[in-house]
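Thanks for coming, everyone. I will keep this brisk. Have a look at the screen, and then we go straight in.

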Amino acid sequence: MNRTITVKGVGKAAVKPNLIELNMDLNARREEYQHTMNAAAKQLRELQAALKDISFEQKDLKTLSFSVDTVYDEQVDKQGRSTRVFAGYVCSHQLRLAFGYDIKRLGEALAALARCPAPPEFSIRFTLSDADTVGAQLLKNAAENAKAKALVLAEAAGVKLGTLLSIAMAVATGLLVN
């Protein structure tokens with residue numbers, strides 16, 4: 001008769017970030033398509049120039065997504081009926097600038113964005129350049145935690161652990177970037 005002990009292991013890791021990501025959005029809206037595209041191109045050139053002034057290269061700025069959509073406004077007539085009226089185009093350009101963890105460099109980048117004639121909306125993310133290595137450590141820590149729990153349960157039950165029969169994995173993040 002097989003006796004089974006089932007435990008859940010928890011892996012934890014606390015690591016310092018080594019990468020800063022600036023995710024930026026540029027949006028140009030105009031009535032005519034060509035004017036929209038010209039405005040979007042101008043915004044991108046201005047952003048690239050602002051970043052070049054602080055020694056970032058054009059290749060450092062990566063496009064995450066680029067889209068052009070139609071825009072409609074809602075208009076209500078005298079009888080209170082609402083209709084959608086074509087209002088033009090919007091070009092949305094999402095970009096990422098990633099660089100090594102350097103708070104001084106981040107300050108320079110934020111100042112450059114503030115001075116940029118087409119300042120993008122942005123968010124800052126502190127992260128890891130090699131999350132897979134940390135993920136492997138989390139799994140190892142979870143396995144060690146599960147084994148320790150199984151040993152305690154086996155000792156309390158007066159039995160010895162035998163061969164591992166199976167491992168089921170539920171993914172939950174225990175990563176703390178500080």
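Start with Gln43, in helix 1. This is a predicted model, so everything I quote is computed from it. Is Gln43 buried or exposed? Gln43 is buried, at 16% relative accessible area. The cut-off for buried is under 20%, so 16% falls inside it. What does Gln43 touch, once residues up to four places away in sequence are set aside? Its contacts are Leu26, Asn27, Ala28 and Ala118.

Next door is Lys42, also in helix 1. Lys42 is partly exposed, with 47% relative accessibility. Its C-alpha sits 9.5 Å from that of Ala28. Along the chain, those two are 14 residues apart.

Lys42 also has a partner. Its side chain meets that of Glu46 in a salt bridge, 3.9 Å from N to O. Why those two? They are four residues apart in helix 1, so about one helical turn separates them. Glu46 counts as buried, at 19% relative accessibility. Again the limit is under 20%, so Glu46 qualifies at 19%. Lys42, at 47%, is partly exposed. So this bridge joins a buried residue to a partly exposed one.

Now the whole of helix 1. It covers residues 33-52. At 1.5 Å a residue, its 20 residues should span 28 Å. The end C-alpha atoms are 29 Å apart, which agrees.

Which residues of helix 1 are buried? Thr36, Met37, Ala39 and Ala40 are among them. So are Gln43, Leu44, Glu46 and Leu47. Gln48, Ala50 and Leu51 complete the list. What do these buried residues pack against? Three strands and a helix: strand 2 (19-30), strand 3 (61-76), strand 4 (82-100) and helix 2.

Follow the chain out of helix 1. Ser55 lies in the loop between helix 1 and strand 3. Its phi is positive, about 75°, although Ser55 is not a glycine. Most residues other than glycine have a negative phi. Ser55 is exposed, with a relative accessible area of 60%.

On to empty space. Rolling a probe the size of a water molecule over the atoms shows where it is left. How many cavities of 30 Å³ or more does the structure hold? One. The largest cavity has a volume of about 30 Å³. Its lining is Gln48, Leu51, Lys52, Phe56, Glu57, Gln58 and Leu61. Helix 1 gives the largest share of that lining, three residues. By class, the lining has three nonpolar, two polar and two charged residues. Two of the lining residues, Gln48 and Leu51, are also on the buried list of helix 1.

One lining residue, Glu57, brings us back to charges. Glu57 forms a salt bridge with Lys59, the closest N and O atoms being 4.0 Å apart. Glu57 is partly exposed, at 47% relative accessible area. Lys59 counts as exposed, at 56%.

How many salt bridges does a search of the whole structure find? Nine. Here is another, in helix 2, residues 103-115. Glu108 bridges to Lys104, with the closest N and O atoms 3.9 Å apart. These two are four residues apart in the helix, so they are separated by about one helical turn. Glu108 is partly exposed, at 29% relative accessibility. Lys104 is exposed, at 64%.

There is also a network. Glu21, Arg96 and Arg125 are linked by salt bridges.

Last stop, helix 3, residues 131-157. It has 27 residues. From first C-alpha to last it reaches 39 Å, close to the 39 Å expected at 1.5 Å a residue. Its buried residues are Val134, Leu138, Asn141, Ala142, Ala146, Ala150 and Ala154. Just after helix 3 comes Gly158, with a positive phi of about 75°.

To recap the opening point: Gln43 is in helix 1, and it is buried. Helix 1 also supplies three residues to the lining of the largest cavity. Over to you for discussion.

How values were computed
Residues are numbered from 1 along each chain as its sequence is written. This is a predicted model: local features need pLDDT of at least 70, side-chain atom pairs count only at pLDDT 80 or more; totals for chains, interfaces and linings use all residues. Side-chain values use heavy atoms; hydrogens and water are left out. Buried means under 20% relative accessible area, exposed over 50%, partly exposed in between (1.4 Å probe, protein chains only). On a 1 Å grid over the protein atoms alone, a cavity is a set of points where a 1.4 Å probe fits but cannot get out, and a pocket is an open set with protein on both sides within 12 Å along at least five of seven lines; lining residues have an atom within 4 Å of a point. Grid points are joined across faces, edges and corners, and a volume is the space filled by probe spheres set on the points. Ala, Val, Leu, Ile, Met, Phe, Trp, Tyr, Cys and Pro count as nonpolar, Asp, Glu, Lys and Arg as charged, and the others, Gly among them, as polar. Contact means heavy atoms within 4.5 Å. The expected span of a helix is 1.5 Å times one less than its number of residues.
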